[in-house]
Amino acid sequence: MELVAAVEATPGAPVIAGVMTGNEPAPGSEEVVGAIDESLLEISRFEGKTGQVATFPAGEGVAVLVGLGDEITFESIRAASGNSVRAVRSELARSLLALIPVDGALRAVVEGATLGSYQFRSYKTGDDEEVRLDRLEVAGAGQEEIDRIAVGAEATNLARDWVNIPAIDLSPTDIADAITSAAEETAVDVEVWDKARIEEEKLGAILGVAAGSSRPPVVVVLSYQPEGSTKHLGLVGKGITFDSGGLSLKSSTFMEEMKSDMAGGAAVAASVIAIARLGLPLRVTAVIPFTDNAVGGNATRPGDVLRPVSGPTIEVLNTDAEGRLILADGLGVVRRFGPDLIVDVATLTGAAKVALGERIGAVFASSPDVAELVLRAASRSGEVFWELPIFKEYRKALDSNIADIKNITGSRYGGAIAAAVFLSEYAGEGPWAHLDIAGPALWRETAGEHVKGASGVSVRTLVELASEFAEND
Ligand code: BES
Ligand code: ZN
Ligand code: ZN
């Protein structure tokens, strides 16, 4: 959707106005709401509640009232903005003016509209093509400011597209190509390591996961290094293009959504592109291994031992705990670039969903400072994360009989923490955060800025984090 700066409404164009519970107009919306016939408002079911949207004649024009609920917050504005752009279908309402009820709400309006209008229709045949709003005028802001604010939300939509594409059309090579073309015309350098290079680099854990698939793995290395940058952020993403579980095969219900097991990799790639678009003054290096976890005749067997590029040798007792294997190599590679902070993002464990539910991501951090940095960035961007501990006492449960470490504990409990403890063996001594997004990578229903399907979660948190990290010494 196109977002354009407007000083005043196009005459006759509908206007979006925020309304609080009890039909109290939000600041800035008084005039529009005042122009609506009171009896119309009374007989309607519109009460200004969260999620409600209704259209009324208002004087000469049309008002699209959107419920903000009990409070005007960035969250309620972002959600209302998403709800309103979806509510308008008419060809006649192609242009709509959004009033911004409070100071600083511009970002919430722009993000809500950009995220809430997202659609993935590449696999629908044209018949039921939805007529959607394609142009939103935003009052009281300049075009440059609007465009800049939209960058993070647009990158989120890019990640959503990549995750929504079925695995049949998104091999490791396909996603590498897609990232390469998305990075064109940005200052991001893309290197794609093919299987031969991965062998040369001795990334034994990635090769072990890839062994069961006929589609070869790739490692995508993204670098962004603006002149004069001092801070260096290292990113790693889990890019399992389909997780069948490998020989430790998943049941069909658990396998259904496993095209989304590259959501961490997609989020990392999209955020580097956004960081470059914004011209943020820091260096970023991202390492994203992409591979299927499949069941071919050459697949890694339970009991096999893998040798990642550095760190402990791994006895693979469950081939379905494959994310931590490719991340072990990813972390090993990114460390060689010497970043000041490493953040990895992965749909790593079902246990993270058990612990926090499907709407909250887990964050693990090497220190309270790092946790605070991530949590503050998340809350500013409206994404929800909660901290879980890297509890070193659980390391013992990962002792292997024949190798340095094994990839599962054998206990059903605390699985997200065990995975983080495993990763800590490969993350080095420096500042590091691990984001387990197994829950929020997919969204179950369309509401507010959220759309059912791939969520693109972490993109805006990473962009915000990069921006803060670049500023502070
Ligand atoms: N990709 C899954 C984790 C996952 C589960 C993501 C559900 C999204 C939704 C991961 O590779 C996996 O299978 N993990 C296992 C680990 C176990 C074998 C220790 C799990 O969580 O069951
Ligand atoms: Zn798995
Ligand atoms: Zn997985």
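Visitor: At what angle do helix 10 and helix 15 pack?
Guide: In this predicted model, helix 10 and helix 15 (residues 459-471) pack at an angle of about 40°, and their axes are 9 Å apart.

Visitor: Which word fits that arrangement of helix 10 and helix 15, then?
Guide: The two helices are described as oblique to each other, because an angle counts as roughly parallel under 35 degrees and as roughly perpendicular from 65 to 115, and the angle of about 40° between helix 10 and helix 15 falls in neither range. The crossing of helix 10 and helix 15 is right-handed.

Visitor: And where does helix 13 come in, relative to helix 15?
Guide: The axes of helix 13 (residues 368-381) and helix 15 come within 8 Å and cross at roughly 120°, which makes helix 13 oblique to helix 15. The crossing of helix 13 and helix 15 is right-handed.

Visitor: What can you tell me about L462 in helix 15: buried or exposed?
Guide: L462, which is found in helix 15, is buried, with a relative accessible area of 1%. Its C-alpha atom is separated by 6.4 Å from that of S271, although L462 and S271 are 191 residues apart along the chain.

Visitor: Back to helix 10, how many residues has it got?
Guide: Helix 10 (residues 263-278) has 16 residues, and it reaches 22 Å from its first C-alpha to its last, which is close to the 22 Å expected at 1.5 Å a residue. Of those 16 residues, 15 are buried, so helix 10 is largely enclosed by the rest of the structure.

Visitor: What happens just after helix 10?
Guide: Just after helix 10 comes G279, and this residue takes a positive phi of about 65°.

Visitor: Changing topic, which residues are the protein donors of the zinc ion (ligand 3)?
Guide: The protein donors are K238 through NZ, D243 and D261 each through OD, and E322 through OE, and they lie 2.0 to 2.4 Å from the zinc ion (ligand 3). In sequence these donor residues are spaced K-x4-D-x17-D-x60-E. K238 sits in the loop between strand 10 (232-237) and strand 11 (239-243), while D261 sits in the loop between helix 9 (252-255) and helix 10, so the pair, 23 residues apart, links distant parts of the chain.

Visitor: Are those two, K238 and D261, buried or exposed?
Guide: K238 is buried, with a relative accessible area of 2%, and D261 is buried as well, with a relative accessible area of 3%.

Visitor: What arrangement do the donor atoms make around the zinc ion (ligand 3)?
Guide: The six donor atoms around the zinc ion (ligand 3) subtend angles of 77 to 173°, which makes the arrangement octahedral.

Visitor: How far apart are the zinc ion (ligand 3) and the zinc ion (ligand 2)?
Guide: The two zinc ions are 3.2 Å apart, and D243 coordinates both of them.

Visitor: What else coordinates the zinc ion (ligand 2)?
Guide: Alongside D243 (OD), the zinc ion (ligand 2) is coordinated by D320, through both O and OD, and by E322 (OE), at 2.0 to 2.2 Å. The spacing of its donor residues in sequence is D-x76-D-x1-E.

Visitor: And what arrangement do the donors make at that one?
Guide: Around the zinc ion (ligand 2), the six donor atoms subtend angles of 71 to 169°, and this makes the arrangement irregular.

Visitor: D320 and E322: buried, partly exposed or exposed?
Guide: D320 is partly exposed, with a relative accessible area of 23%, whereas E322 is buried, with a relative accessible area of 1%.

Terms used:
Residues numbered from 1 in each chain as written. Chains lettered and ligands numbered in written order. Predicted model: local features only at pLDDT ≥ 70, side-chain atom pairs only at ≥ 80, totals over all residues. Heavy atoms only, no water. Helix = DSSP H or I, 4+ residues; strand = E, 2+ residues; numbered from the N terminus. Expected span 1.5 Å × (residues − 1). Buried < 20%, exposed > 50% of the residue type's maximum accessible area, 1.4 Å probe, protein only. Donors = N, O, S within 2.8 Å, 3.2 Å for Na, K, Ca; no water. Tetrahedral: all angles 85-135°; square planar, octahedral: opposite > 155°, others 65-115°. Axes fitted to C-alpha atoms, helices over the stretch in contact; angles between N-to-C directions. Parallel < 35°, antiparallel > 145°, perpendicular 65-115°, else oblique. Left-handed = near helix turned anticlockwise from the far one by under 90°.
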